[in-house]
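Good morning. Please look at the chain on the screen, and I will take you through a few parts of it.

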Amino acid sequence: MKNFILTLLIIFGFSFHIAAQSVILKGTVSNQKTGEPLIGATVQIVGTTNATMTDFDGNYSLQAEKGTYTIKASFVSYESQVIENYGVEKSTNELNFSLKESETEISEVLVTAKTDASTETAVINIKKNSGKISDGISAAEMSKLGDSNAASALKRVTGVSVQGEKYVYVRGLGDRYTKTTFNGAEIPSLDPEKNSVQMDLFPSNVLDNIIVNKTFTPDMPGESTGGHVDIVTKDFPEKFNLIFSTSIGYNPQANLNKKFIVGETGKFDWFATDGGARNIPAYAQQVLDAMPDRETLVISLNPAGGKFGYTETELADFSRSFDTNVAPTEKQSFLNHGHKFSVGNRYKLKDDKVLGINFAIDYNRKFNYYEEGEYGQYKNATLDDDKVVTDRKAQEDVRFAGLGNLNLKFNSNHATGIRFFRNQAGTSTARFRYGTYNYESAGTYIQERQLSYLERNFNSAQIHGKHSFGTSENPMTIDWLSSYTLMKQYEPDADFFTNLYKNPNADFTEADFEFMTNTAPTRIYNDMDEADTDNKINFQITFNNLLMKAGAEYIHKLRQHRQVKFELANVGANSNAYEGNFDIDGTLSEFLTNNLIAPDNQTGIFYMTDTRNNDANSYDANADIISAYTFADWKVIDNLRIIAGFRAENSTQYVKSLRTDILREGGYDRKTDFLPSINFKWELTDEMNLRIAGSRTVARPQFREIAPSSFFDYKRGMRINGNPTLKPSSSNNADFRWEYYMKRGELLALSAFYKQTFDPIEMELDTADQNYSVKYINTDKAQLYGIEAEARKYIGYGISAGGNFTYIKSVVQLSEFDRIYKKAETRPMVGQSPYMVNVWLGFENKKIGLSSNIAFNTGGEKLFLLTTGSTPFIYELPQYGLNWNIAKTFADKFELELSIDDILDSEYKAVHHGENGDKTFLSYTSGRTFGFTFKYFIK
């Protein structure tokens with residue numbers, strides 16, 4: 001065994017030695033006039049036999065020794081370009097060629113230059129050469145700014161904000177108006193109430209870049225009103241590379257805190273999976289399985305032995321099968337920590353075949369905690385207190401992700417590949433709220449305890465290919481993709497125990513507590529599975545200055561959501577009141593143990609379930625979208641490019657509740673949307689573009705939103721009502737951008753945009769309901785317009801700076817009912833921030849391997865939740881994020897990094913703006929996090 005390990009170490013050591021000696025020269029070869037890639041162009045190190053051809057993306061890659069060379073790029077009917085004295089010094093060197101079409105006799109153009117491009121520059125080049133308005137962020141920039149996942153990285157992109165550390169808003173439009181794809185493929189949301197993907201699922205070490213397309217072209221999904229976010233993972237590596245990093249983080253508020261509160265734990269929580277620890281107890285499951293056919297009967301446990309004859313003993317056995325852990329307990333938390341590993345290589349096979357392999361894993365565990373938060377519910381224009389409580393919350397997030405890519409390039413014209421991505425995420429949450437509750441009677445105290453565990457699984461498998469045909473004058477490409485994504489969200493034993501306290505003594509050590517009349521203590525089990533398939537094919541052919549593209553796509557979604565709810569009930573006169581205390585556990589374990597119903601205690605408590613409610617909150621759903629598109633990309637004259645065409649999408653969407661005793665269906669059938677698009681691009685100079693675009697897009701409701709049922713969201717303390725008649729919304733979009741690409745990696749851009757949305761979908765809060773009730777509605781129409789500015793500049797001495805600013809104005813006409821109560825004619829769209837600011841300053845000295853970056857971002861006050869009647873709307877106040885890091889590289893293989901996140905510890909606060917001042921809906925602070933990272937790499 002020792003000899004085997006030694007042999008492996010020798011092999012790896014030899015591989016690392018070989019990898020360290022050679023370097024990579026890579027880049028693209030493109031048409032100088034159109035910016036299109038040239039397929040099959042030759043790139044050669046002059047004076048050697050070391051040469052290669054570009055693939056169908058115009059990319060090439062050469063392996064060489066360190067040194068100074070003359071590099072030549074050539075292509076039939078184009079003038080060759082030669083670059084002399086190019087220093088190939090780094091492990092990876094990027095050199096791009098732009099060839100001019102030959103008008104007469106072919107000649108060579110001699111250039112003396114030294115190019116030092118970075119991955120950030122590559123993303124800027126994508127923006128510059130694209131036919132549509134786009135922004136993005138590269139993996140290099142994510143690493144530089146210390147972004148651990150796609151959600152934190154997207155905050156840096158112009159016009160993009162992230163809500164709840166997960167959901168992307170582009171240009172102020174909510175998550176439903178932004179379509180997210182994974183390597184171009186449709187992926188489902190893990191949240192049944194959201195239409196967009198949780199971006200925190202994608203660790204930065206598996207990504208190449210994230211591109212945000214802000215204008216619609218027909219080859220994009222029709223649901224791209226705000227933007228289209230494409231998450232691009234690593235593909236063909238240039239050479240052998242290996243990266244390992246481990247990090248720890250310390251937040252004085254959340255880590256090593258002995259007052260950190262937790263609920264029930266499982267032995268596999270550390271691996272982001274429940275492992276069955278919180279499943280429905282075996283005896284209770286047997287009772288559920290033995291219940292009569294839910295199609296014909298409504299089942300409930302009846303202590304009187306009535307309709308179904310359950311005895312007190314049976315009820316007691318059923319209730320005792322549940323544990324008594326319904327209150328948080330205090331336990332010391334650990335440090336935040338994360339570990340990343342990635343490895344990749346390319347191998348030359350026979351007959352010019354190239355095999356590319358990438359593998360990456362990421363593990364992250366993070367703790368969040370606050371104990372002096374505030375939550376309030378109010379009514380009327382004067383915001384009279386209904387409930388005002390102190391909020392204490394602890395959360396532990398564990399994520400494990402893995403990515404595998406296998407790509408085979410048969411030759412410069414044909415390639416195929418397989419990708420697999422898995423993300424396993426587990427979130428444990430414990431919450432304790434206490435304070436005054438005036439809804440039932442003045443002077444009453446309330447306690448709320450919440451324990452939950454949320455497990456999210458995301459599995460995506462993709463097979464894809466790209467093929468080039470035709471001639472150099474009329475090249476044709478075909479690319480295709482088949483994707484299968486399986487998502488599972490499991491929430492076992494979510495405990496919600498709310499009780500009132502009356503007549504407490506001075507120190508609250510003794511009091512009578514009782515159940516609320518409208519909210520019984522509850523245990524909920526949610527299980528949701530969704531499978532999405534996405535199959536697409538694209539054709540592209542070029543005739544001189546005209547590129548024609550067409551394609552088709554079929555998306556099928558199938559979701560199954562199941563809920564089982566158990567409520568704590570009691571029987572007997574005056575059995576609602578019990579003696580307890582006002583601390584975090586409130587002696588609830590004793591209460592549940594000593595007061596269960598039994599033959600000698602027929603006025604006790606017991607757990608019950610009602611399949612009418614379970615079936616009403618359980619549903620099956622499916623959706624189909626069949627799409628076809630065509631467009632032309634026409635170089636009208638040397639500096640004018642027009643991309644015009646349309647996309648047709650035929651969609652069906654259907655949701656059916658399991659409760660069948662009344663009509664329980666929602667959705668729509670066979671709705672066809674025609675979505676035209678036109679983009680103009682004027683190349684004012686080689687460095688300056690002017691763009692104008694117009695399009696029409698759609699936004700479809702989510703399954704939960706059209707579900708023909710309502711359910712009580714115990715976490716938020718409100719009832720959520722589906723709306724089976726909810727309609728899709730549509731938008732007309734207009735965009736303008738001027739952009740100036742100065743020196744390599746530098747940029748100045750100004751944009752303006754306008755959107756008119758018909759039947760926008762929004763949430764409305766009914767404060768007249770004693771539990772607060774939220775419903776989804778279509779408002780008449782809305783308008784949104786704004787401007788964006790972006791700048792990147794290298795100042796000198798290793799210092800660079802950048803920033804972006806977005807100003808947005810949205811207008812929604814209030815209904816006649818709301819105009820009376822709100823005393824206003826209009827309001828902004830929900831979730832739309834009036835402004836967003838991102839600023840960063842960086843320093844890098846490659847000679848000594850030292851870099852440091854500081855980044856700031858904020859956004860303006862935005863409408864968070866609508867309310868009915870006279871109660872004012874709820875707004876989120878601005879938060880201010882400031883992060884800093886410093887990193888030092890040693891021996892070209894090791895890196896140490898120090899960081900501070902959330903330096904300002906900005907408070908999250910959502911408020912009602914009332915006539916007599918603001919009233920807090922929710923507020924808390926999360927604390928600062930100090931981090932240390934060690935990284936080992938071979939590139």
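**A walk through the chain**

I start inside a strand, with one residue: Asp493 sits in strand E25. Keep in mind that this is a predicted model. Asp493 is not a glycine, yet its phi is positive, at about 50°. Is Asp493 buried or exposed? Asp493 is buried, with a relative accessible area of 6%; the cut-off for buried is under 20%.

There is another residue of this kind. Asp905 is also something other than glycine, and its phi is positive, near 45°. You will find Asp905 in the loop between strand E49 (894-901) and E50.

Now step back to the whole chain. It has 9 helices and 52 strands. Of its 939 residues, 54% are buried. If we take the contacts with a separation of 6 or more, 71% of them are between residues 24 or more positions apart.

Back to E25 and its partners. E24 and E25 run antiparallel and are joined by 23 bridges. They form a hairpin, with 4 residues between the two strands. To find the pairing on screen, look for Gln462, which stands opposite Ser483 in E25. E25 also pairs with strand E27 (residues 522-543), again in the antiparallel sense, over 19 bridges. There, Asp479 stands opposite Asn538 in E27. As background, side chains in a regular strand alternate between the two faces of the sheet.

Asn538 comes up again if we move to strand E28 (residues 546-570), where Gly551 lies. Gly551 counts as buried, at 11% relative accessibility. Which residues does Gly551 touch, leaving aside its neighbours within four places in sequence? They are Ile537, Asn538, Ser627, Ala628 and Tyr629. Gly551 and Phe631 are 80 residues apart in sequence, while their C-alpha atoms are 9.5 Å apart in space.

Next, a different sheet. This one is open and has 5 strands, in the order E10-E15-E16-E13-E14, with mixed pairing. Why is one side of strand E10 (134-138) and of strand E14 (185-186) left without a neighbour in the sheet? Both strands stand at the edges and each has a single partner strand, so one side of each has no neighbour there. Further in, strand E13 (residues 178-182) and strand E16 (residues 227-233) pair in the parallel sense over 5 bridges. In that pair, Lys179 stands opposite His228 in E16.

Now the nonpolar cores. In soluble globular proteins, nonpolar side chains tend to be buried together. The largest nonpolar core here has 28 residues, and those with the most contacts inside it are Ile446, Tyr619, Val655, Phe703, Phe921 and Leu922. Among the elements that give two or more residues to this core are E21, E25, strand E50 (908-914) and strand E51 (917-924). Which element gives the most to this core? E31 does, with 3 residues.

Take Leu922 from that list. Leaving aside its neighbours within four places in sequence, Leu922 is in contact with nine residues you can pick out: Tyr370, Glu374, Tyr375, Asp391, Arg431, Arg433, Tyr908, Lys909 and Ala910. A second, separate core has 26 residues, including Met142, Ala151, Phe202 and Leu403.

From filled space to empty space. Rolling a probe the size of a water molecule over the atoms shows where empty space is left. The second largest pocket holds about 410 Å³ of space. It is lined by 28 residues, and the closest to its centre are Val262, Thr265, Asp269, Glu396 and Ser428. What is the make-up of the lining by class? It has 11 nonpolar, 9 polar and 8 charged residues. Several strands each supply at least two of the lining residues, among them strand E18 (261-262), strand E22 (384-411), strand E23 (414-437) and strand E25 (475-502).

One last residue. Asn241 is in strand E17 (residues 241-250). With 18% relative accessibility, Asn241 counts as buried, given the cut-off of under 20%. Apart from neighbours within four places in sequence, Asn241 is in contact with Ser342, Val343, Gly344, Ile938 and Lys939.

To close, go back to where we began: Asp493, a buried residue in strand E25. Thank you.

Note on methods. Residues are numbered from 1 along each chain as its sequence is written. This is a predicted model: local features need pLDDT of at least 70, side-chain atom pairs count only at pLDDT 80 or more; totals for chains, interfaces and linings use all residues. Side-chain values use heavy atoms; hydrogens and water are left out. On a 1 Å grid over the protein atoms alone, a cavity is a set of points where a 1.4 Å probe fits but cannot get out, and a pocket is an open set with protein on both sides within 12 Å along at least five of seven lines; lining residues have an atom within 4 Å of a point. Grid points are joined across faces, edges and corners, and a volume is the space filled by probe spheres set on the points. Ala, Val, Leu, Ile, Met, Phe, Trp, Tyr, Cys and Pro count as nonpolar, Asp, Glu, Lys and Arg as charged, and the others, Gly among them, as polar. Two strands pair if DSSP finds at least two bridges between them. A nonpolar core is a set of buried Ala, Val, Leu, Ile, Met, Phe, Trp, Tyr and Cys residues joined through side-chain atoms within 4.5 Å. Buried means under 20% relative accessible area, exposed over 50%, partly exposed in between (1.4 Å probe, protein chains only). Contact means heavy atoms within 4.5 Å.
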